[in-house]
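Below is a set of questions and answers on one structure. Each answer ends on the value or name asked for.

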Amino acid sequence: MIKTFTRNDLVRYLYQETTIEENHLIKQALLTNDRLNEEYFELVKCKSEMEEVEEGPSSRCVNKVMDIAKNTHIKAKL
Amino acid sequence: MEKHILSDSKLISLYRNGNDGAFEQLLNRHKSKIFTSIKLIVKDSAKAEDIFQDAFVKAIKTINSGKYNEEGKFLPWILRIAHNLSIDHFRKEKRYPTIILEDGSNVFDSLAFSEGMGSRKMDKEQFKKLKKHIYELPEHQKKVLIMRHFLDMSFKEIAERTNVSINTALGRMRYALLNLRKRLEQESIQYDKNFYPE
């Protein structure tokens, strides 16, 4: 039986909430359905633009976490 | 040379076996997503950094004690730790976080432009425009977008929190992304017209 995918399924796929089996079927559907493929492309573009809005912690904060990771590691080994 | 990308669980396993560089890679991979999620709740950079650090201390201790569950995924796990710590912060201050669930527009007030995030990142002007477009989305679309994209909640969790079906949550997310895309595209057409008058 051929499974038809809805546009909502594309959103689940975009955010990696589909199963491995569904992934395989969606990939096939994207290859054969131009409209679906076009919409998916639009969604991907927008998602990547959204990723630009993310903000990072200061390098001081990141370095502190790294120090903790190293020290905890050393203590765990002793 | 092709760069081989290691999975989170591989990096954790390497770190547990003495490779600190593996942990650094893991930290750099997820730091922005985790920090942004915290800041969306606490809306203060200094506080967000404290919570970010506390979340990692918990994660580091769990990994080194051998209690980390290999089957779980690292990012949702640490985001849950960070989210709980952020909520605890409000409890201590006897305030209830309005977060974004009540008023999506407030959330983006706390997002600032971060410089030095790599050449792929957009410039200040583009960032402001994107923020403005997110502001202008219909409320229910904005909520789902923030909850899924920045708080990393699953569509099932979003559906439960907003009392709608999963399909409705998915539909709202889809419209939010497409609306955003349309607005950005319209803006770029307008920009072209200014440059090349008809």
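Q: Which residue of chain B meets the side chain of Glu42(A) in a salt bridge?
A: This is a predicted model, in which local features need pLDDT of at least 70, side-chain atom pairs count only at pLDDT 80 or more, and totals for chains, interfaces and linings use all residues; side-chain values use heavy atoms, with hydrogens and water left out. Residues are numbered from 1 along each chain as its sequence is written, while chains are lettered from A and ligands numbered from 1 in the order in which they are written. A salt bridge is a side-chain nitrogen of Lys or Arg within 4 Å of a carboxyl oxygen of Asp or Glu. At 3.3 Å, N to O, the partner of Glu42(A) is Arg181(B).

Q: How many salt bridges are there between chain A and chain B?
A: The pair Glu42(A) and Arg181(B) forms a salt bridge between side chains. Polar contacts (pairs of N or O atoms within 3.5 Å; within protein, one must be able to donate a hydrogen and the other to accept it, and residues adjacent in sequence count only if both atoms are side-chain atoms) link 12 residue pairs between the two chains, both residues at pLDDT 80 or more. The count of salt bridges between chain A and chain B is 6.

Q: Which helix of chain A gives the largest share of the side that touches chain B?
A: Helices are DSSP runs of H or I with at least four residues, strands are runs of E with at least two, and both are numbered from the N terminus. Helix 1 (7-14), helix 3 (34-51) and helix 4 (59-77) of chain A each give two or more residues to this side. With 13 residues, the largest share comes from helix 4.

Q: What is the area buried between chain A and chain B?
A: Contact (heavy atoms within 4.5 Å) joins 36 residues of chain A to 53 residues of chain B. Buried area is the accessible area (1.4 Å probe) that two parts lose on being put together, summed over both. Carbon and sulfur atoms give 64% of it, and the area is about 4,200 Å².

Q: Which helix gives the largest share of the largest nonpolar core?
A: A nonpolar core is a set of buried Ala, Val, Leu, Ile, Met, Phe, Trp, Tyr and Cys residues joined through side-chain atoms within 4.5 Å. The largest one has 37 residues, and Leu145(B), Phe155(B), Met173(B) and Leu177(B) have the most contacts inside it. Both chains supply helices to this core, including helix 2 (20-32) of chain A and helix 7 (139-150) of chain B. The largest share, 7 residues, comes from helix 9 of chain B.

Q: Which residue of chain A does Leu145(B) touch, not counting residues up to four places away in sequence?
A: Leu145(B) is among the residues with the most contacts inside the largest core. In chain B, its contacts include Ile134(B), Phe150(B) and Ala176(B). From chain A, Leu145(B) touches Met50(A).

Q: Why does Asn179(B) count as buried?
A: Asn179(B) is found in helix 9 of chain B, and its side chain makes a polar contact with that of Gln141(B) at 2.9 Å. Buried means under 20% relative accessible area, exposed over 50%, and partly exposed in between (1.4 Å probe, protein chains only). Asn179(B) counts as buried because its relative accessibility is 19%.
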